[in-house]
Amino acid sequence: MRYVRLGSSGLRVSRICLGMMTYGDPDSWEWHLREDAAEPIVRRAVEAGVTFFDTADMYSDGASEEITGRLLGKLFTRRDDYVLATKVYFPTGPGPNDRGLSRKHVTAAIDASLTRLGTDYVDLYQIHRWDYETPIEETMEALHDVVRAGKARYIGASSMYAWQFAKAQHAAQTAGWTRFVSMQNHYNLVYREEEREMIPLCLDQGVGLIPWSPLARGLLTGSRHRDGRPATVRSGSDQLAGSMYQDADFDVVDVVRAVAGERGLPPAQLALAWLLGRPGVSAPIVGASKVGHLDDAIAAVEVSLSEEETARLEAPYRPHQIIGHS
């Protein structure tokens, strides 16, 4: 495993981040794994040197945070040996204040997350989406207070428009509050709209990228056929995948398969190697329901692509409507 700084911050993270959304209650989603099934995968990650783990308070109604906390507490000797990230925004209860980025919800949500995670602090506390109903100044001050209270070491953001991210950073800088060090955005070989504005902004400001869905919800690994037929349990129950990607994306998938075949590599390794080589990317967030998924991700860290291979992989791309911001 290799390690890099998260953007221009001093925090060092493994080049692969294990996304913990896969682990939770199968009654919520068929593809969720219970704790006993998740443990061998997380153990393999730890043994391979993965130190970065990402979850959210709304994943499986909090069960993901609980499983994450118990497994990391079991597999690491010291809390300081791993980097733990979680997120706030989506509903976690029926009440009108059980969602969003108000001071009330942020303050309550961090305490609830810490309880479920069984820790005194998270290393990275992220806003899961943009809250159109709360002034960004209120949110940034609340996040600053979370950091000042020692409940989070750094703060980050997830999918939003570049103007929104710039506005949040400006509000924090103007008031002397904590600024975001990371952007968890939707970015992969079949969705590259972030290259237009968000990624240049992050590169300019020293913000680290930790992309979600680096394999396009499995599309780049062959989890879905061109005619829409699913090839895996998750793709068969993933209602979002069909609406997020389009027929032309299979042209990219075909090239990934071709280049991977020439290199003697699984398509997942090749697609992740491309992403790991993109400017500003610190650590793609990889979901793994099998140990083999994780092994592909770990192996991708050592794969280098030639300029010709990169050009071939990028050539079939077609523009998309903005997706993933809600």
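R34 has a relative accessibility of 43% and therefore counts as partly exposed. In this predicted model, R34 is paired with D25 in a salt bridge whose closest N and O atoms are 3.7 Å apart. The partner, D25, is likewise described as partly exposed, because its relative accessible area is 25%. Side chains of opposite charge can pair when their charged atoms come close.

A second salt bridge joins the side chains of R116 and E65, with an N to O distance of 2.6 Å. R116 belongs to helix α3, which spans residues 103-117, and E65 to helix α2, residues 63-75, so this pair ties together parts that are 51 residues apart in sequence. The two residues are assigned to separate accessibility classes: R116 is partly exposed at a relative accessible area of 24%, whereas E65, at 0%, is buried. The cut-off for burial is under 20% relative accessible area.

E309 and R263 also meet through their side chains in a salt bridge, here at 2.9 Å from N to O. The pair links distant parts of the chain, 46 residues apart, with E309 located in helix α12 (residues 307-314) and R263 in helix α9 (residues 249-263). E309 counts as buried because its relative accessibility is 10%, while R263, with 33%, counts as partly exposed. In addition, R192, E195, R278 and E314 are joined into one network by salt bridges that share partners.

Over the whole structure, 20 salt bridges were found. The charged side chains of the protein comprise 35 positive and 43 negative groups, and the centres of these two sets lie 2 Å apart.

With respect to overall architecture, the secondary structure consists of 12 helices and 10 strands. The radius of gyration is 19 Å, which agrees with the value near 20 Å for a compact globule of 326 residues. Along the principal axes, the C-alpha atoms fill a box of roughly 55 × 40 × 35 Å. Of the 326 residues, 56% count as buried. The accessible surface amounts to about 13700 Å², and carbon and sulfur atoms contribute 49% of this area. Among contacts with a separation of 6 or more, 77% are between residues 24 or more positions apart.

Definitions and conventions:
Residues are numbered from 1 along each chain as its sequence is written. This is a predicted model: local features need pLDDT of at least 70, side-chain atom pairs count only at pLDDT 80 or more; totals for chains, interfaces and linings use all residues. Side-chain values use heavy atoms; hydrogens and water are left out. Helices (H or I, at least four residues) and strands (E, at least two) are DSSP runs, numbered from the N terminus. The radius of gyration is taken over C-alpha atoms; the globule rule is 2.2 Å times the number of residues to the power 0.38. Buried means under 20% relative accessible area, exposed over 50%, partly exposed in between (1.4 Å probe, protein chains only). Contact means heavy atoms within 4.5 Å. Accessible areas come from the Shrake-Rupley method with a 1.4 Å probe; for residues, only the protein chains shown count as cover. Lys and Arg count as positive and Asp and Glu as negative; His and the chain ends are not counted. The place of a charge is taken as NZ of Lys, CZ of Arg, CG of Asp or CD of Glu. A salt bridge is a side-chain nitrogen of Lys or Arg within 4 Å of a carboxyl oxygen of Asp or Glu.
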